[in-house]
Amino acid sequence: MYVSFITSPLSSVWPINKIYRMVTENIRKLYMAIGLQKWLYGTQVGDSILNQRLGVEPSDEKPNGLGLADATYISWLEEHPSALTSFVPMMSETKGKQIVVFLDYDGTLSPIVNDPDRAFMSDPMRSAVREVARHFPTAIISGRSRDKVYEFVKLDEVYYAGSHGMDIMGPPLHVKSYDGKYQINTLDDKGNEITIFQPAKEYLPTIKMMLKELRKRTCGIPGTLVEDNRFCISVHYRHVLDQDYGLLEEIIRDVVSEYPNFFHLTRGKKVIEIRPSIKWNKGDALVYLLDTLGFSDSTNVLPFYLGDDKTDEDAFKVLRSRGHGYPIIVSSVPRETSASYSLRDPSEVLSFLIRLARWGSMP
Ligand SMILES: O=P(O)(O)OC[C@H]1O[C@H](O[C@H]2O[C@H](CO)[C@@H](O)[C@H](O)[C@H]2O)[C@H](O)[C@@H](O)[C@@H]1O
């Protein structure tokens, strides 16, 4: 088939690469539309299923050394250009504006690993974040508990929002539009003034009970890990056997159903998360931090948000709707996203942060 393409009269008008890209792009759009990209892209299985659909013989899989996964990633990059290759044009928009940097933790600053307790951040990454924070206000917004993220990051130069933004340690500015009963001004360990904002405070006692119950009821399912993220709970199933997954999900739903309307479930990478049903997510945390940094409704601010997971989409959407700022997704496979730019993985995040810090240090 490949040979006949090359020798067909069409190929003298349209180069084979263009035809190949057009076909893969249409298939990508189809798979995106039916929501299959999660399982199909970036895997050998996905490649071979796509190739079967295309009728591509195994020997035809890599014209010019490109696999279908590569080709679909390249066409996805057209819609979500690399923040590294687009760095200079991106930065030209920042003139006269205050850059503020928001970073997710897992999958962004640290690679995804099998054991959530060992998702360490590398020293070069720590130095890069420190350097960025020396030049621009910087915050880390994570699904983890705030204390746990701090344990991993160990930087006093950044603000932290844990539990998907439901536990914020931010600048001391008290913004009146936020409910005072969730906001306290206090001092950190070093005596600096800070504000703690915890909009799901009332849920704490129930979350503690739920945590106990979940641990008790899931301890018989090998591989389950119930992580206490303070204002939310993560139930990890990365090491759970396929045949046990159904039972695990049933237990989670059953425990949550004891508190109807108070909690809901969200999903991340091999994790089900139980979250209080308040209208508050990473996007709201981003806006809160901008407000407390003194940038309420300001158009002179240019926020960057780097994240890899579904929960980061809430922050991407906020930046999109505000019409300024750079939502950057960290992904090595094409994904449906509200981000405008992309980086492949934490190593590209590191390169990006180094460039950003260097930019910030220029006179
Ligand atoms: O918002 P984030 O900082 O990205 O946190 C999201 C969840 O990340 C962690 O789980 C994920 O990373 C683990 C370590 O690489 C991995 O083992 C797990 O499968 C991933 O889901 C964290 O453990 C969760 O509590 C966070 O909610």
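In this predicted model, domain 2 and domain 3 touch through 15 residues of domain 2 and 16 residues of domain 3. On the domain 2 side, the contact comprises three nonpolar, eight polar and four charged residues. The centres of domain 2 and domain 3, taken over C-alpha atoms, are 26 Å apart. The domain assignment divides the chain into domain 1 (2-79), domain 2 (87-199 + 279-361) and domain 3 (202-276). Domain 2 is thus given in two segments, 87-199 and 279-361.

The ligand draws on both of these domains. Domain 2 and domain 3 each supply at least three residues to the shell around the ligand. The shell holds 24 residues. The closest are Y105, D106, P116, S142 and G143. Two elements give two or more residues to this shell: strand 8 (233-236) and strand 10 (271-276). By class, the shell around the ligand contains six nonpolar, nine polar and nine charged residues.

Strand 8 and strand 10 also belong to an open sheet of four strands. The strand order is 7-8-10-9, and the pairing is antiparallel. Strand 7 (225-228) and strand 9 (263-268) form the edges, each pairing on one side only. From one strand to the next, the twist averages 25°. Strand 7 and strand 8 run antiparallel and are joined by four bridges. Within this pairing, D228 stands opposite I233 of strand 8.

A second open sheet has nine strands. Its order is 5-6-4-3-2-1-11-12-13. Here the pairing is mixed. The edge positions fall to strand 5 (183-187) and strand 13 (341-343), each of which pairs on one side only. The twist in this sheet averages 20° from one strand to the next. Strand 4 (residues 167-170) and strand 6 (residues 193-197) run antiparallel, with three bridges between them. G170 has T195 in strand 6 as its bridge partner.

Helices lie across the nine-stranded sheet. Helix 9 (residues 146-153) crosses strand 2 (138-141), strand 3 (159-162) and strand 4. The angle of helix 9 to strand 3 is about 135°. Helix 12 lies across six elements: strand 1 (98-103), strand 2, strand 3, strand 4, strand 6 and strand 11 (301-307). Helix 12 runs at about 20° to strand 4. Strand 2, strand 3 and strand 4 therefore appear in the lists for both helices.Helix 12 also packs against a neighbouring helix. Helix 12 (residues 282-292) and helix 13 (residues 313-322) meet at an angle of about 50°, and their axes are 6 Å apart. This angle makes helix 12 oblique to helix 13. The contact comprises four nonpolar, one polar and three charged residues. Helix 12 contributes K282, G283, L286 and V287. Helix 13 contributes D314, A315, K317 and V318.

Note on methods:
Residues numbered from 1 in each chain as written. Predicted model: local features only at pLDDT ≥ 70, side-chain atom pairs only at ≥ 80, totals over all residues. Near = placed C-beta within 6 Å. Nonpolar A, V, L, I, M, F, W, Y, C, P; charged D, E, K, R; others polar. Domains from an automatic or database assignment. Axes fitted to C-alpha atoms, helices over the stretch in contact; angles between N-to-C directions. Parallel < 35°, antiparallel > 145°, perpendicular 65-115°, else oblique. Contact = placed C-beta atoms within 7 Å. Pairing = 2+ DSSP bridges.
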